[in-house]
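Colleague: I am new to this structure and would like a close look at a single part of it. Could you take me slowly through how the helices and strands there are put together?

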Amino acid sequence: MERAPQDPGPAPEEGLDLTQDAVRLTARLVDVPSVSGGEKPLADAIETALRALPHLRVDRYGNNVVARTGLGRAERVVLAGHIDTVPIAGNVPSRLEDGVLWGCGTSDMKAGVAVQLRIAATVPEPNRDLTFVFYDNEEVAAHLNGLGHLAQAHPDWLAGDFAVLLEPSEGQVEGGCQGTLRVRLRTAGRRAHSARGWMGANAVHAAAPVLARLAAYEPRRPVVDGLEFREGLNAVGIEGGVAGNVIPDECTVTVNYRYAPDLTEEQAVAHVREVFADCGVAEFTVEDSSGPARPGLTHPAAAAFVEAVGGEARPKFGWTDVSRFSALGVPAVNYGPGNPNLAHRRDERVETALIEHCEERLRAWLTA
C-alpha cells in the first residue's frame, strides 16, 4: 500500500561512527528514525560516513547512496540493503537486553545495513571489488522503491557478478524469491430493497463461488533449482454492501497469489484467471504484480558464497529485491542477521550473536 511521505524530522545530532561494533552501530541506526518517505536524515548520515573512507567512491541519487571500490578485481559483488522501516510502534529508541537488541527495524533490516557499513569501513582491500547499495522506500508501493529508481536511472551503479541482499534470513542463505500478484475479482448484481430481495440480485452472494474455490485450493510445492517453494492463493480483502436495507449490486474480493519462481508473471496471471474462470466473476483486474527470482545457486559465485558462509540454503518465502537484481542479470541471494518472522512487529528484535555471525562470515569470504 502506498503511504504519504513521512516527516523526516531533524538530522541526527551525531554522525555514524563506523568504528563501533556492528551491534552498537545497529542500535545507532535504529535510533535515527527512517520510516518510508522519511529516510533523508539517515541517508545523509550514511553518505557522510562513507565519504570519509578514502578507498570508496560514493554517489547519491535521491535518498539512495552507492559506494564502490575500484581495485580492478576479477569479480564485483554487490551488498545491498534498504534503509527504511515500517511505521514506528512505540519501539524507538532501541534497547539491548541479554544478547537481544529491540527496536523498529532491528530485524528488517538495520542489522543488515550495519553489517554492510562495517564491511565498507573495515575491508579496504577485499578479494573482490565491492559495491554497497543503501536505498529507500522498500516497505511501500513498488513504484517508489529506491532500488528500482537506481536500476532505471543508473543501472551501471548496480553492475556486478553477484549480489547479496542483507534481508533478514537468520544467518542462512535464502535463494531466489516468490513472485507476488494481487488481483481484484468483482461480482455483479442488481440493487433492490432488502424487503423485496427477490427483485434484485445479491452480488455478495455471487462471491460465494470465489470464496469456495479459494477454500478448496491446493497450492503447489514445486522444487526449483533444488529448493522447495510453497505457494499460496488467499483472499486478503472483501468489499461489498450499500446500506443496511439494500441488496448490493457489487462485491469485490482481493486475492493475493504468492508463486514459485518457475512461473513468469504472465503465467501467474493466466493461472489465477483459470482458477476463477467459472466462478461468475464479472471483472478481473490486476492491481499489483512483482515477478519472482530463481535461486540461481548453481552460479559459480553463488555456490562459492554458500560454501563460504556455511549452512544449508533454503527458499525465500516472500518477495525481495533479489528479483530486481535478477532482472538486471545479476544472480543474487538473501543473507542477513534478522529473523523474517519478527519483521514489522511491535516487539521486533534481533539476536546480537546473529549480527556478529553474519559480519564474521562475510568478512571471511571477502578476505580469504
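Modeller: What follows is a walk through one pair of packed helices and then the sheet. Please keep in mind that this is a predicted model.

Two packed helices are described by the angle between their axes and the distance between the axes. Here helix α2, which covers residues 40-51, packs with helix α3, residues 106-122, at an angle of about 20°, and their axes lie 11 Å apart. Since angles under 35 degrees count as roughly parallel, α2 is therefore roughly parallel to α3, and α2 passes α3 in a right-handed crossing. Where the two helices meet, α2 contributes L42, I46 and L50, while α3 contributes K110, V113, L117 and A120. Sorted by class, this contact of α2 with α3 holds 6 nonpolar residues and 1 charged residue, with no polar ones.

Turning to the sheet, 8 strands form an open sheet with mixed pairing, and their order is β1-β2-β6-β3-β7-β18-β8-β17. The edges are held by β1 (57-61) and β17 (314-315), each of which pairs on one side only. Strands of a sheet pair through backbone hydrogen bonds, either parallel or antiparallel. One of the pairs joins strand β3, residues 76-82, with strand β7, residues 162-165, in the parallel sense over 4 bridges, and within it A80 has L165 in β7 as its bridge partner.

A further helix belongs to this picture: α4, residues 146-153, lies across β1, β2 (64-68) and β6 (129-135), and runs at about 125° to β6.

How values were computed
Residues numbered from 1 in each chain as written. Predicted model: local features only at pLDDT ≥ 70, side-chain atom pairs only at ≥ 80, totals over all residues. Heavy atoms only, no water. Axes fitted to C-alpha atoms, helices over the stretch in contact; angles between N-to-C directions. Parallel < 35°, antiparallel > 145°, perpendicular 65-115°, else oblique. Left-handed = near helix turned anticlockwise from the far one by under 90°. Contact = heavy atoms within 4.5 Å. Nonpolar A, V, L, I, M, F, W, Y, C, P; charged D, E, K, R; others polar. Pairing = 2+ DSSP bridges.
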